[in-house]
Amino acid sequence: ASLGTAAVSALLLVAVPWLFVIFCLDGPKFPAKGEFFSGTPAILSWSVPSVVLRAIDSPRSGGPLPRNWYVGNNLMELQLPAWQRELSFGLAVATFAVGLIVLAIATRGRLDAARLPFAMAACLALGLAAAPLSWSHYQVMQYPAVAMLLCQAFRQHLWKRVAATLTCGAFLYPLPVAVLTAYYHQRRNSWEPASPVTLHFWMAVTPIASLVLFGLLIVEIRNTREIRSY
């Protein structure tokens, strides 16, 4: 299968449900505020655009959190300046585009049965890191990729890759959740007073881990021998 075929299939899977909603169902056809999907600095949105939006609107040490950090998951209350929405959306597009170029180079535009699972997992890791909003619990979808990489690394006795994969798996979800939960409870069920370094770090490690996992999957794609049929 070619990357073009995969792209067309993905577009159809997105377009067909929307067409069904528009032509076959009653009620609103689109969200009340489309700006919401261009980005959010919400505390539990862990993606590259969200990290940048939080860095732009950072709290002072010991002070309160910015309002948009709190209401960032509320469609109707979030108010981002237009330039921040444009920056967030541009970062999302740029991150995803660069990743797709890397994937295209690694596969040379072709996918076979051996490489396809790793390419699919790479697209998911890239998408979650690049998305304008990417909630923390979305990261559990990446653990099948972690399992595949671990199986390959154990089989080939690549212990450094085992360690790198396990580290990514820890930073994708359980470690940030544990640290931020402890942070919240230590402040008597509040995010304040703010500790900017702690918050920025533990809300940024997940998209970084996603991109590292994407890189590990690209390496596996390049190293997997293509299965040819004659």
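1. A quick word on names before we look around: helices are runs of at least four residues in DSSP state H or I, and they are numbered from the N terminus. With that in hand, glutamine 142 can be placed in the loop between α5 and α6. Please keep in mind that everything below describes a predicted model.

2. Let's start with the overall picture. The protein chain has nine helices and zero strands, so if you read from the N terminus the pattern is α-α-α-α-α-α-α-α-α. Along the principal axes, the C-alpha atoms fill a box of roughly 65 × 50 × 30 Å. Of the chain's 230 residues, 39% count as buried. Now take the contacts with a separation of 6 or more: 76% of them involve residues 24 or more positions apart.

3. Back to that loop residue. Is glutamine 142 buried or exposed? Glutamine 142 is buried, because its relative accessible area is 1%, and the cut-off for buried is under 20%. Setting aside neighbours within four places in sequence, glutamine 142 is in contact with Leu124, Ala125, Leu128, Leu172, Ser210 and Leu213.

4. Leu213 turns up again when you look at how helix α6 (residues 143-155) meets helix α9 (residues 196-223). These two pack at an angle of about 45°, with axes 11 Å apart. That angle makes α6 oblique to α9, and their crossing is left-handed. On the α6 side the contact uses Ala145, Val146, Leu149 and Gln152, while α9 brings Leu213, Leu216, Leu217 and Glu220. Sorted by class, the contact of α6 with α9 comes to six nonpolar, one polar and one charged residues.

5. Some of those names also belong to the largest nonpolar core. Which of the 24 residues in this core touch the most other members? They are Leu149, Leu213, Phe214, Leu217, Ile218 and Ile221. The elements giving two or more residues to this core are α4 (82-107), α5 (116-130), α6, α7 (159-172) and α9. The largest share comes from α9, with seven residues. As background, nonpolar side chains in soluble globular proteins tend to be buried together.

6. Have a look at isoleucine 218 in that core. Not counting neighbours within four places in sequence, isoleucine 218 is in contact with Val102, Leu103 and Ala106. Another core lies apart from the largest one; this other core has twelve residues, among them Trp46, Leu180, Tyr183 and Val205.

7. Helix α9 has another partner, helix α2 (residues 48-56). Their axes come within 9 Å and cross at roughly 155°, which makes α2 roughly antiparallel to α9. Why does that word fit? Angles over 145 degrees count as roughly antiparallel. The crossing of α2 and α9 is left-handed. From α2, the contact takes Val48, Val51, Arg54 and Ala55; from α9, it takes His200, Met203, Ala204, Pro207 and Leu211. By class, the contact of α2 with α9 holds seven nonpolar, one polar and one charged residues.

8. Helix α2 also packs against α4. The axes of α2 and α4 come within 8 Å and cross at roughly 145°, and this crossing is right-handed. Val48, Pro49, Val52, Leu53 and Ile56 of α2 meet Trp83, Gln84, Leu87, Ser88, Leu91, Ala92 and Thr95 of α4. The contact of α2 with α4 divides into nine nonpolar, three polar and no charged residues.

9. One of those contact residues is worth a pause. Serine 88 is found in helix α4 and counts as buried because its relative accessibility is 1%. What does serine 88 touch, not counting residues up to four places away in sequence? The list is Ser38, Gly39, Pro49, Leu53 and Pro132. Serine 88 and proline 41 are 47 residues apart in sequence, and their C-alpha atoms are 9.7 Å apart in space.

10. Last, try alanine 10, which is found in helix α1 (residues 3-24). Alanine 10 counts as partly exposed because its relative accessibility is 42%, and partly exposed covers what lies between the buried limit of 20% and the exposed limit of 50%. Alanine 10 and leucine 53 are 43 residues apart along the chain, and their C-alpha atoms are separated by 28 Å.

Key. Residues are numbered from 1 along each chain as its sequence is written. This is a predicted model: local features need pLDDT of at least 70, side-chain atom pairs count only at pLDDT 80 or more; totals for chains, interfaces and linings use all residues. Side-chain values use heavy atoms; hydrogens and water are left out. Axes are lines fitted to C-alpha atoms, for helices over the stretch in contact, and angles run from 0 to 180 degrees between N-to-C directions. Angles under 35 degrees count as roughly parallel, over 145 as roughly antiparallel, 65 to 115 as roughly perpendicular and the rest as oblique. A crossing is left-handed if the near helix is turned anticlockwise from the far one by less than a right angle, and right-handed if clockwise. Contact means heavy atoms within 4.5 Å. Ala, Val, Leu, Ile, Met, Phe, Trp, Tyr, Cys and Pro count as nonpolar, Asp, Glu, Lys and Arg as charged, and the others, Gly among them, as polar. A nonpolar core is a set of buried Ala, Val, Leu, Ile, Met, Phe, Trp, Tyr and Cys residues joined through side-chain atoms within 4.5 Å. Buried means under 20% relative accessible area, exposed over 50%, partly exposed in between (1.4 Å probe, protein chains only).
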